Amino acid sequence: LIVEDYGFWVIIIDLVAILSLITSFGAPDVISRDTKRAGRYAKQFVARYIRFQYLIISIVGFLGLVIAGSLKPEILRLGGVLFLAATFQNLCTNYRVVLRALGMASTEGLIRMLERFLVTTGYGVIIYSDNSGLIEFAVAAAFGPFIAWLIARRISAKVLLEVTREPSEGLDLNPNILDVCRSSLPFVLTSGFLVLLYRIDKFVLVGYYSTEAVAVFNIGWLCYFAGNSVTQAIRSMALPEFGSVRGEGRLLTQKLDNAMEVSEWFIVPGFVIGGLVGISILPMIFPEEYFTGELAVGGTPQTVFFCLLAAWGIGLVSAPIFGAVQSSMNPWNYTLSGVASVVINLLFSLALVPRYGVIGASFSTVGASLGTLVVMIAIIKKEVKLSHLFSKLASNVAISISFSISLMLLIEMELSPFLAVLGIVIVALITGWNPRRILDLSSS
């Protein structure tokens, strides 16, 4: 695609993603948090939320078809297939989080890997057959989640039948539609805010600049977003653990400390891999025209990604705090953090994008990540002690920002950015980072 077309389709796909997120209606979050607590009634508990999700999917799909009926057939077809892809992914996620919540994280991980493998294989077949249209790629994106959904559904059905322990107190095991709406609403609202958070800079960019600016920003953002799979995995693993000790401050603090150690460990390999990707791989896989600076949008995909590495590091060490807020006794705390994130990001974006373009959008993402961490700490400190973690959080945030600035300064000074990667490795070895530590943490 030429730059203008690429930026346009990025916006279309992001709008479809926001619409399709509504179909999840917070079900994966509630199922992940409370399935373990439901005990031998887990099957009925999960089924009630999934049946309600089917209703939401039908309503949203019908409304989307009516609204999109006046669009070009090409856009309508692409949007429809992408909506199906997102729907299958949401349905698959429901059953995957059941497996994770019931102690089958390895099985859940294999299903996730299978889904990614099928999608990637589909992309490869399309490219090899020289039939690489957007619709074909969208079909491949839907095929993987569809197969994974069928497998996850079958396995989780067997696992749920084997749960025999008694349920925890204070959990509604047979919620009606209003109860489902009430318990899911904070999560679906927050999920919507978070999807908007990941894309708000693009919407501001297209308003103040052009689709070319969106195209340049999106390349760096895609690499950043791919790296966030580590952050999301830590959040996903922490949520059922945190949910099982809701209201028990001492146990929650202990689990939070363990999750924080895992997050900290990934900072070093994440920055090393991210630095190498930005230095060597990005310029290889995308056209040169994106990297020359001739588009005059405030930066290149490389500088965007280097800046966003700071946001990645902050988000990584924030993951345990995020999980604690998500499993809070008051689920509306989660919504409050989502609202604050969007407001902070919007303010930064409106202040920085008009003047600095794509780099301003990147700075906005970093500022939003830092601001969100502060808000989440303020929210959750009533339920869990965090004072002993402040120094860890501050040092990791400082390392993340320093590494990102170092990369950008080296590029600006026309020096080798490999120096920054070498520097983070030396700092890690001096401070005692242990490659084998993650194995100890995993076994515990």
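## The chain at a glance

A residue is called buried here when its relative accessible area is under 20%, exposed when it is over 50%, and partly exposed in between (1.4 Å probe, protein chains only). By that yardstick, 51% of the chain's 444 residues count as buried. Keep in mind that this is a predicted model: local features need pLDDT of at least 70, side-chain atom pairs count only at pLDDT 80 or more, and totals for chains, interfaces and linings use all residues. Residues are numbered from 1 along each chain as its sequence is written, and side-chain values use heavy atoms, with hydrogens and water left out.

As for secondary structure, the chain has 14 helices and zero strands. Helices (H or I, at least four residues) and strands (E, at least two) are DSSP runs, numbered from the N terminus. The accessible surface adds up to about 20500 Å², and 67% of it belongs to carbon and sulfur atoms; these areas come from the Shrake-Rupley method with a 1.4 Å probe, and for residues only the protein chains shown count as cover. Now for contacts, meaning heavy atoms within 4.5 Å. Among those between residues at least 6 apart in sequence, 82% join residues at least 24 apart.

## Helix α5 and what it packs on

Helix α5 covers residues 105-128. Its expected span is 1.5 Å times one less than its number of residues. For the 24 residues of α5 that gives 34 Å, and the end C-alpha atoms are indeed 34 Å apart. After α5 comes Asp130, which has a positive phi, near 60 degrees.

Which residues of α5 are buried? They are Thr107, Glu108, Ile111, Glu115, Leu118, Val119 and Ile126. Quite a few of the gaps in that list make sense because an α-helix has 3.6 residues a turn, so residues three or four places apart point the same way. The buried residues of α5 pack against α4 (73-101) and α6 (134-161).

Take Thr107 as an example: its relative accessible area is 19%, so Thr107 counts as buried. Setting aside neighbours within four places in sequence, Thr107 touches Leu99 and Ile155. Gly109 also sits in α5, but at 21% relative accessibility Gly109 is partly exposed. The C-alpha atoms of Gly109 and Arg96 are 8.4 Å apart, although 13 residues separate the two along the chain.

## A salt-bridge network around Glu108

A salt bridge here is a side-chain nitrogen of Lys or Arg within 4 Å of a carboxyl oxygen of Asp or Glu. By this rule there are five. Arg96 makes one with Glu108, with the closest N and O atoms 2.5 Å apart. That pair links distant parts of the chain, since Arg96 is in helix α4 and Glu108 in helix α5, twelve residues apart. Both partners, Arg96 and Glu108, are buried.

Glu108 also forms a salt bridge with Arg100, at 3.0 Å from N to O. How buried are these two? Glu108 has a relative accessible area of 6%, while Arg100 counts as buried at 10%. The wider picture is a network of salt bridges that links Arg96, Arg100, Glu108 and Arg112.

## A bridge between α9 and α12

Further along the chain, the side chains of Lys392 and Glu264 meet in a salt bridge of 3.8 Å, N to O. Lys392 lies in helix α12 (residues 390-412) and Glu264 in helix α9 (residues 249-285), so the pair ties together parts that are 128 residues apart in sequence. Lys392 is partly exposed at 31% relative accessibility, and Glu264 is partly exposed too, at 21%.

## Cysteines and a greasy patch

How many disulfides are there? The count is zero, taking a disulfide as a pair of cysteine sulfur atoms within 2.5 Å. Cys92 is buried at 0% relative accessibility, and Cys307 is buried at 2%.

On the outside, Leu55, Ile59, Phe62, Leu63 and Val66 make a nonpolar surface patch of about 480 Å². Patches are made of residues with over 30% relative accessible area and no salt bridge, joining like charges within 9 Å and nonpolar side chains (Val, Leu, Ile, Met, Phe, Trp, Tyr) within 5 Å. Ile59, one of the patch residues, lies in helix α3 (residues 42-68). At 42% relative accessibility, Ile59 counts as partly exposed.
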